[in-house]
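Biologist: I should like to learn how to read helix packing and empty space in a protein model. Could you guide me through them in turn?

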Amino acid sequence: MIFWNAGATQNSIRIAQWMLQIPGATSYMGSIGKDKYGEEMKKNAKDAGINVHYYEDDKPTGTCAVCVLGGERSLIANLSAANCYKPDHLKKPENWALVEKAKYYYMAGFFLTVSPESIMLVAEHAHANNKVFATNLSAPFICEFFKDVQLKVLPYCDYVFGNETEARTFSKVHGWDTDNVEEIALKISQLPKASETRKRIAVITQGADPVVVAENGKVQLLPVTPLPKEKLIDTNGAGDAFVGGFLAQLILGKPVEESVRAGCYAANVVIQRSGCTVPEKPDYK
């Protein structure tokens with residue numbers, strides 16, 4: 001049995017921090033309980049070099065059991081404290097100072113189910129200060145049942161990540177009448193935007209198939225790193241790892257092609273291990 005600090009956004013931030021190898025380069029806020037798992041999460045995050053400011057709730061720390069058989073996974077989540085984040089925690093001076101200091105922001109779509117107000121506070125700050133804000137479609141049910149709040153956030157998003165299944169669900173929900181991932185990525189990139197300072201970029205992964213990148217009215221298909229089937233151990237967290245690797249290069253000012261390559265590298269490392277875990281240091285070149 002393996003334990004690791006999880007949660008979609010936290011996975012991505014851990015991977016970005018690991019890729020960067022610069023202590024304190026990343027910060028993270030979320031909600032944990034006042035229990036042994038919460039203490040373990042704080043310790044693990046600190047050891048990873050992440051600057052964490054957790055909201056501590058009276059409910060137990062959220063947990064998720066993952067069973068992997070033949071490379072396929074089943075998850076049973078008990079969200080508990082993870083569902084209890086409060087905007088008041090974000091507004092505390094010591095926490096909002098992290099927001100003001102940051103230049104790049106990433107929130108997975110799952111947080112839409114927890115605190116849309118917190119998302120909008122950060123999104124509007126990013127917009128007002130010409131900073132980069134990114135999100136993820138995260139799951140088909142987010143696109144289906146949280147459509148309205150998702151649409152409220154999307155105008156502030158400079159980057160939208162997702163996989164092919166999520167993209168097709170998004171297309172169906174919005175009545176686009178297409179299953180073509182390239183067309184969908186292009187449509188997502190061209191949705192209304194609060195600021196035209198920078199065009200939105202949509203990045204859609206497709207497992208072992210090329211990554212679809214849509215920007216400026218054009219679509220690129222970027223190759224993924226091939227992996228022999230016998231080396232595949234666990235796909236859990238692969239999408240989160242891709243985002244983390246991508247973000248690590250993005251904040252270094254690298255072009256989107258290099259960011260995708262780094263994302264593919266990080267995902268490739270993770271799927272060869274149990275859980276969304278990594279070795280001590282990356283060997284990315």
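Modeller: Let us begin with a contact between two helices; please keep in mind that this is a predicted model. From helix H1, the residues Ala8, Asn11, Ser12, Ile15, Ala16, Met19 and Leu20 meet Asp240, Ala241, Val243, Gly244, Gly245 and Ala248 of H10. Sorted by class, this contact of H1 with H10 holds 8 nonpolar, 4 polar and 1 charged residues.

Biologist: At roughly what angle do the axes of H1 and H10 cross, and how close do they come?

Modeller: The axes of H1 and H10, the latter spanning residues 238-250, cross at roughly 45 degrees and come within 7 Å. H1 is therefore oblique to H10. As for handedness, the crossing of H1 and H10 is right-handed.

Biologist: What is the angle between H10 and H11, and how far apart are their axes?

Modeller: H10 packs against helix H11, residues 256-270, at an angle of about 140 degrees, and their axes are 7 Å apart. Angles over 145 degrees count as roughly antiparallel, so this value leaves H10 oblique to H11. The crossing of H10 and H11 is right-handed. On the H10 side, the residues in contact include Phe242, Phe246 and Leu250; on the H11 side, they include Val260, Cys264 and Val270. The class count for the contact of H10 with H11 is 12 nonpolar, 4 polar and 1 charged residues.

Biologist: Which residues of H4 and H5 meet?

Modeller: Helix H4 covers residues 93-101 and helix H5 covers residues 116-128; they pack at about 40 degrees with their axes 10 Å apart. That angle makes H4 oblique to H5, and their crossing is right-handed. Trp96, Val99 and Glu100 of H4 meet Leu121, Val122 and His125 of H5. By class, the contact of H4 with H5 has 4 nonpolar, 1 polar and 1 charged residues.

Biologist: Let us turn to empty space. How is it found, and how many cavities of 30 Å³ or more does a search of the whole structure find?

Modeller: The general idea is that a probe the size of a water molecule, rolled over the atoms, shows where empty space is left. Here, a search of the whole structure finds 1 cavity of 30 Å³ or more. The largest cavity contains about 80 Å³ of space.

Biologist: Which residues line the largest cavity, and to which classes do they belong?

Modeller: Its lining consists of Met107, Ala108, Gly109, Leu112, Ile119, Thr135, Asn136, Leu137, Gln150, Val153, Leu154 and Cys157. Strand E8 (132-136) and helix H7 (147-153) are the elements that give two or more residues to this lining. The classes are 8 nonpolar and 4 polar, with no charged residues.

Biologist: What is the volume of the second largest pocket, and which residues lie nearest its centre?

Modeller: The second largest pocket has a volume of about 450 Å³. Of the 21 residues that line this pocket, Arg14, Asn44, Asp47, Ala48 and Val278 lie nearest its centre.

Biologist: Which element supplies the largest share of the lining of that pocket?

Modeller: H1 supplies the largest share, with 4 residues. Helix H1 (8-20) and helix H2 (36-47) each contribute at least two residues to the lining of the second largest pocket. By class, that lining divides into 12 nonpolar, 6 polar and 3 charged residues. Thus H1 appears in two of our topics: residues of H1 meet residues of H10, and H1 helps to line the second largest pocket.

Key: Residues numbered from 1 in each chain as written. Predicted model: local features only at pLDDT ≥ 70, side-chain atom pairs only at ≥ 80, totals over all residues. Heavy atoms only, no water. 1 Å grid on protein atoms, 1.4 Å probe; cavity = no way out; pocket = protein on both sides within 12 Å on 5 of 7 lines; lining within 4 Å. Points joined across faces, edges and corners; volume = space filled by probe spheres on them. Nonpolar A, V, L, I, M, F, W, Y, C, P; charged D, E, K, R; others polar. Axes fitted to C-alpha atoms, helices over the stretch in contact; angles between N-to-C directions. Parallel < 35°, antiparallel > 145°, perpendicular 65-115°, else oblique. Left-handed = near helix turned anticlockwise from the far one by under 90°. Contact = heavy atoms within 4.5 Å.
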